[in-house]
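Welcome! Open your viewer, show the chain as a cartoon, and get ready to select a few pieces one after another.

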Amino acid sequence: LDRSRIKVRGHLMDPRVYEEQMTPESRIRYRVENLGLDPDKFTVFLATGGAGANNHLALLPVLHELADTHQAVVVCGRNHKAFLQVNEWRRRHPELKCHLEGYCNHMHLLIQASDTIVTRGGTTTCAKALHFGCPIILNAFGGIMPQERLTAKFFLQDDAAVKISEADDLRVILRQWRDHPESFEQLRQRFLGLRYEEDPTLVIRDLINLAREAATASVKNESRDATVL
């Protein structure tokens with residue numbers, strides 16, 4: 001394809017995602033007042049898709065081991081069974097500060113309140129994490145699904161994210177970041193290097209212009225065909 005015909009666009013998210021952006025001060029306030037968390041502890045967001053597939057119960061014990069320096073945000077999606085199980089786990093392990101939700105429509109706020117996010121390679125969640133500069137720990141339990149491979153490759157090929165295949169992987173990563181904060185900062189900088197700023201309305205304008213071009217071309221073709229007849 002002629003390179004002049006190629007355009008790269010992104011950041012096509014819900015308008016409120018762009019409007020509800022936190023300052024450093026409001027981020028801390030949101031952690032404390034809305035999530036009931038510590039303002040300074042390293043906050044790990046255990047995310048899930050809408051259907052609720054997750055490995056929360058395998059990963060929470062790792063965070064519990066680090067409860068003196070770490071805390072959790074956990075979302076279970078529409079998986080009510082997982083929500084009840086995590087809620088019971090949280091009740092039995094009060095040492096770990098943990099904010100729990102089922103399905104929510106404010107992922108962008110929870111991402112902003114977190115230091116890192118554990119997620120499958122879903123494009124929507126990963127795009128929001130990149131937009132808000134929240135480094136990604138890719139959940140590869142059971143492997144990376146075909147629909148996740150492009151997203152995973154995008155981050156992993158530049159060492160801008162890390163991948164876990166079992167709970168012990170998370171343990172190693174978080175301890176490394178705790179004991180050597182510069183290693184987390186280096187990864188965060190690589191992650192931020194993938195970001196780019198763009199007006200999200202551009203993709204809409206591009207699509208409208210393409211539609212107009214196609215409509216104009218169609219009218220010209222119909223006119224030419226009519227002349228030939």
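**Stop one: a strand and its neighbours**

In strand β4, the bridge partner of Leu46 is Val118. Keep in mind as you look around that this is a predicted model. Now select residues 116–119 to see β4 in full, along with β1, to which β4 pairs in the parallel sense over three bridges.

Next, add residues 70–75, which form strand β2. β1 and β2 also pair in the parallel sense, here over five bridges. To find your bearings, pick Val44 and look for Ala72 in β2, which stands opposite Val44.

Stay with β1 and show its side chains. Which residues point one way, and which the other? Phe42, Val44 and Leu46 share one direction, while Thr43 and Phe45 take the other. In a regular strand, side chains alternate between the two faces of the sheet. Are the residues of β1 buried or exposed? Five of the five, residues 42–46, are buried, so the strand is largely enclosed by the rest of the structure.

**Stop two: helix α9**

Select residues 181–192, the 12 residues of helix α9. From its first C-alpha to its last, α9 reaches 16 Å, close to the 16 Å expected at 1.5 Å a residue. Colour Ser183, Phe184, Leu187 and Phe191, the buried residues of α9. Now turn the view to look down the axis of α9: these buried residues fall within an arc of 100°, so they line one face of the helix.

What covers them? The cover includes β1, where you have just been, together with α6 (123–131), β5 (136–139), α7, β6 (162–164) and α8 (167–179).

**Stop three: Thr151**

One of those covering elements, α7, spans residues 149–156 and holds Thr151. Select Thr151: its relative accessible area is 13%, so it is buried, the cut-off being under 20%. Leaving aside residues up to four places away in sequence, Thr151 touches Gly121, Thr123 and Cys126.

**Stop four: Val17**

Finally, go to residues 15–19, helix α1, and pick out Val17. Val17 counts as buried, at 1% relative accessibility. Show His108, Lys128, His131 and Phe132 as well, since Val17 touches each of these, not counting residues up to four places away in sequence.

For a last look across the model, select Val17 and Glu95 together. They are 78 residues apart along the chain, and their C-alpha atoms are separated by 32 Å.

Definitions and conventions: Residues numbered from 1 in each chain as written. Predicted model: local features only at pLDDT ≥ 70, side-chain atom pairs only at ≥ 80, totals over all residues. Heavy atoms only, no water. Buried < 20%, exposed > 50% of the residue type's maximum accessible area, 1.4 Å probe, protein only. Helix = DSSP H or I, 4+ residues; strand = E, 2+ residues; numbered from the N terminus. Pairing = 2+ DSSP bridges. Contact = heavy atoms within 4.5 Å. Expected span 1.5 Å × (residues − 1). Arc of directions from axis to C-beta.
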